[in-house]
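User: I'm new to this one and would like to know where its labels come from. Can you show it to me?

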Amino acid sequence: MYPFTYHQPDSARKAASVAGKAEDAKFLAGGMTLLPTMKQRLASPANLIDLAKCDDMRGIEIKGRSVTIGAMTRHVDVANSKELQEAIPALADLAGMIGDPAVRNRGTIGGSLANNDPAADYPAAALALGATIVTNKRKIEAEDYFTGLFETALEEGEVITKITFPIPAKAGYEKFRNPASRYAIVGVFVAKKGSEVRVAVTGAGSGGVFRATKIEAALTAKFSSKSLEGVKMPAEGLNSDIHADAEYRAHLITVMAKRATDKAK
Amino acid sequence: MSETGIGASVRRKEDFRFITGNGHYTDDINRPGQAHAVFVRSPHAHATIKKIDVVAALKMPGVLAIYTGDDLAADKIGGLICGWMIHSKDGSPMKAGAHPALAQGKVRYVGDHVAVVIADTYAQAREAAEKVVVDYGVLPAVVDMEAAVKKGAPVVHDVASDNTVYNWHLGDKAATEAAFAKAKHVTKLDIVNNRLVPNAMEPRAAVGDYDFGSDCFTLYTTSQNPHVARLVLSAFIGIAPEHKLRVIAPDVGGGFGSKIFIYAEETICVWAAKKVGRPVKWTADRTEAFLSDAHGRDHITHAEMALDDKGKILGLRVNTKANLGAYLSTFSSSVPTYLYAPLLSGQYNIPAIYCEVDGIYTTTAPVDAYRGAGRPEATFVIERLMEVAARETGVDPAQFRRKNFVTSFPHQTPVIMCYDAGNYNAALEKALEMADYKNVGKRKRESAKKGLLRGVGISAYIEACGIAPSAAVGSLGAGVGLWESAEVRVNPIGTVEVLTGSHSHGQGHETTFAQLVSSRLGISIDNVSIVHGDTDKVQMGMGTYGSRSGAVGMSAIVKALDKIEAKAKKVAAYVLEASDKDIEFKDGKFSVKGTDKSIDFPSVALQAYIAHKFSGQELEPGLKESAFWDPTNFTFPAGVHICELEVDPQTGVTRIDRWTAVDDFGEVINPMIVEGQVHGGIAQGIGQAMHEGAIYNKDGQLLTASYMDYTMPRADDVPSYNVGMTQTRCPSNPLGIKGCGEAGAIAAPPAVINALTDAVGHENVAMPATPIAVWRAAQKAITRQAAE
Amino acid sequence: MPVVSMTVNGKAVSADVDSRTLLVQYLRENLRLTGTHVGCDTSQCGACVVHVNGDALKSCTALAVALEGADVVTIEGLAKDGKLHPMQEAFRENHGLQCGFCTPGMIMSAVDIVNRKGNKLEEKLIREELEGNICRCTGYHNIVKAIAAGAEGMAGQ
């Protein structure tokens, strides 16, 4: 790692204030991506603003037809939340599938969304559920939030404080793991709300998370995995690497979508 | 059998320190005043070094020194060596390019050592290393073996203008051609044996130390064979003469072959310790391990098997290209030659075999022995051929093997080896029974109902272990003898230290060797300690690899114990006032035949040292004996593994449902430890078959340089293993041991691939059979079946 | 350089460290607790797992400075009053280790699994829960057995 100055503010407001003053600053959430990146000397922020003590950025709250999760809420807490398991079981399920137990004990939802790794799980949930990303400055709809690989609508010094998810009628998540890293090669989040079905795919797209409109159309006609028989996703725009080429990813999207639909509740 | 004697599953003596965090691995060792080394490595697969500018780096905080290949040359430090001479068909010696520990003029793979930066702290050394400016003249890489031997290919070493280290062969070509000429059926197969990275969990590390007062060097290093390291560092590299160089291999966190070799990093650490006047430490990070540990396997093979009209094998011909990487590593030349082709006869009666092997240079990391070394490659060739030939001729694969098994011993194969003992049928029958082979069809139908494809695959392997008779390997080109040494020191109160030239890095020698001593001398296992891994304590040894420590290392201990017993009998005779011919030794007691006079072992030990009962002229005081054991033959562990698996044709995901292993390791000292060795070997074999593969792109960049991209088998990738044994004693060593360390890694890959091909309608699946590869094969099978 | 204080294996400790210092470096280099190992650079092998405030975490992926005041337990702190922890006993009894390098992290993860999942553990669950711990020697068979046995042993605690 290159040297940096470490900050540990105790509230979201203070964190934003430090970020406003510090040159070349990065927020540290769980650190599950940022710290390895810094260790490999691929990132070298001059200032590191650790959000671990920002207690106002933690917690899960269910109000009316939506769930709000503090940005610093760990994957383990999302996975184990009884309320969330009732409200949006697919989201709790997804959190329990991220990384390994030690990673889930540190990694946070806000960190994952801010990083927007194209193989991360949360972006699929945020996009499919139509989440709202709340920052210290504004509210950003998921549709507008994910702008590319590791790219988001977040501006310099802007920090995610919480995320609000509308509660769907039914949702399910299934992923196909990279055999080596265990990140998603293809992750498909299927959500049905009223007559609308939204399907978001992570891991596969060369531009990051995206909505699979072809699958959405089929499931909107009838919300059943049978509706997806013969639905072929195009391979264009999908990633190819040593573990999976675009054609295989395209195929897996349909398979994972079927399985997510079968799991949906 | 006592609770701690031979044959008992004694819990390991070494475990206490490991489960409490008190192991001492090389990186745990810190010497006073220690500095840290970081290597500047080549980012290019192939380039000339025009200039190395260290001016800015030397000014960085904490930097003590920066050395390059020129400094090594100025100090007349020799290059790294390959210790096994292979001759080509035409009699010419192999073409070994120079291998300096720091590059001289040219780099030949990504990760090649260009310079070393030594600083007060690791962080300082790493920062300064980034400031070393190297002006490279980038040359085209050559990664692919077929491309490397084409005319006009980039030349890796000038001594081998066609990038060919040797064109070697073994067997009788004319007899083999004749066998094929009369064949009723010929099975042909193209095989890739995928390149692997050993990945012992402990990365390599070294601490070099130099004492000005005595002009002595000490090297702490992650080695499977510290004495060989000292020999090479002294006699060939020229660090210091052996009596001035101590090599210590403390607790070592796994080796699997990769820690046999003498690498640049430990050479530099020990050399630089004197130059900077401070101890110098280096520990690899995982990416460095991927880039610079010697890799394993990497063969391309075309193989053919000739059968007669009764399904008997007539002959085998094999043509292999073996990737040896950019330099010849310590034993690399022997792996695809003498550790490979002599095993091509498998467990079968094959009248004629001819094998050709071309060793090829490429601009990739050196390739050397990895668990099994040559024998997994041979087993994969023969066991895939057996499977395909059985299918092609419509015979059950188990029956096809039965028909061709060697059934009488000794059996001289056409490729050097003389199998001394075995019962291949017994292992097969037992494995079939344990695997419930007869009901596979039923289970296949049950899987089909769930939309899954079930397959079963057999692998009947043989390996040559207990390497090796020194004269025999000498005649084949080995630069060293492969005996082992032991010294048994009995202390005055009857406790025993055994000094062995073997090295334990997970195998549990501190327990199994103690079991031998305990049962032989009738003393508690707690009163025996095993000393290894330090050249100042153990005079000489050849180390641990090739499943040799039981068969060779323990045989040396037996020989030393024989001498201890003989001497102790003489001492007892004086004490008991009898003739030593009348002394019997049993259950830890010396007694005079036909009397009730006796004395126990500790008392004899005491008498040997106080020496009151005999004069020094008649008998030397003390009780300490040493021995060297040189085996008379290889040992031939063999067995049958059966893999049964289910494929999800929708995703290509494969789940191994059952694993059955039946092995014949001869006599077994500690079944618990032996089974553990089998388990670990199988997991590595499954890793090769389904998960692991080192991939270079065309520019010679390693795409799989971390656990993000190189798939290590994890707990949920492998099944529980059902392990059984059969037993035929090995006739060539006193304990009847054959060796067990590599069996699983040798047996497993063809078992998996045979099962997979069975599952997907006999479509060929290459290793590693990753989900995408299996999915494609399953799609092909479905399309073909639809067409049919 | 900031002074970082924490409780490690029940003892109050503190050291001046660079803010870049990872918890594993703090443990190994500052405190000389070398039982916690480093086997990779990408937070995957799990040789470095320790407990922080009761949770398993990878000490290679946490800054020491961020853990000011934390309660840390390493492999060296698992045995109490000279008596091995039931999970340590189970690893020895079931031959759940060979070279011993991954073992400290395995045992710390195993204890954490039991803390979260209870004392009756199915093989499948243990294998899934071990996703973040890589072993190259044992083929996992005896580790899985050891964890199931250790979990039962911990019930008596």
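User: What makes a residue count as buried, and what share of chain A is buried?

Analyst: A residue is buried if 20 or more other C-beta atoms lie within 10 Å of its own, exposed if 12 or fewer, and partly exposed in between, with C-beta atoms placed from the backbone. By that rule, buried residues are 55% of the 265 residues in chain A. This is a predicted model, where local features need pLDDT of at least 70 and side-chain atom pairs count only at pLDDT 80 or more, while totals for chains, interfaces and linings use all residues. Residues are numbered from 1 along each chain as its sequence is written, and chains are lettered from A and ligands numbered from 1 in the order in which they are written.

User: How do you know whether the radius of gyration of chain A agrees with a compact globule?

Analyst: The radius is taken over C-alpha atoms, and the globule rule is 2.2 Å times the number of residues to the power 0.38. For 265 residues that gives near 18 Å, and chain A has 18 Å, so the two agree. Its C-alpha trace spans about 55 × 45 × 30 Å along the principal axes.

User: What makes two residues a contact, and how many residues do chains B and C each bring to theirs?

Analyst: Their C-beta atoms, placed from the backbone, must lie within 7 Å. Chain B brings 42 residues and chain C brings 42 residues. The contact of chain B with chain A takes 14 residues from chain B and eleven residues from chain A.
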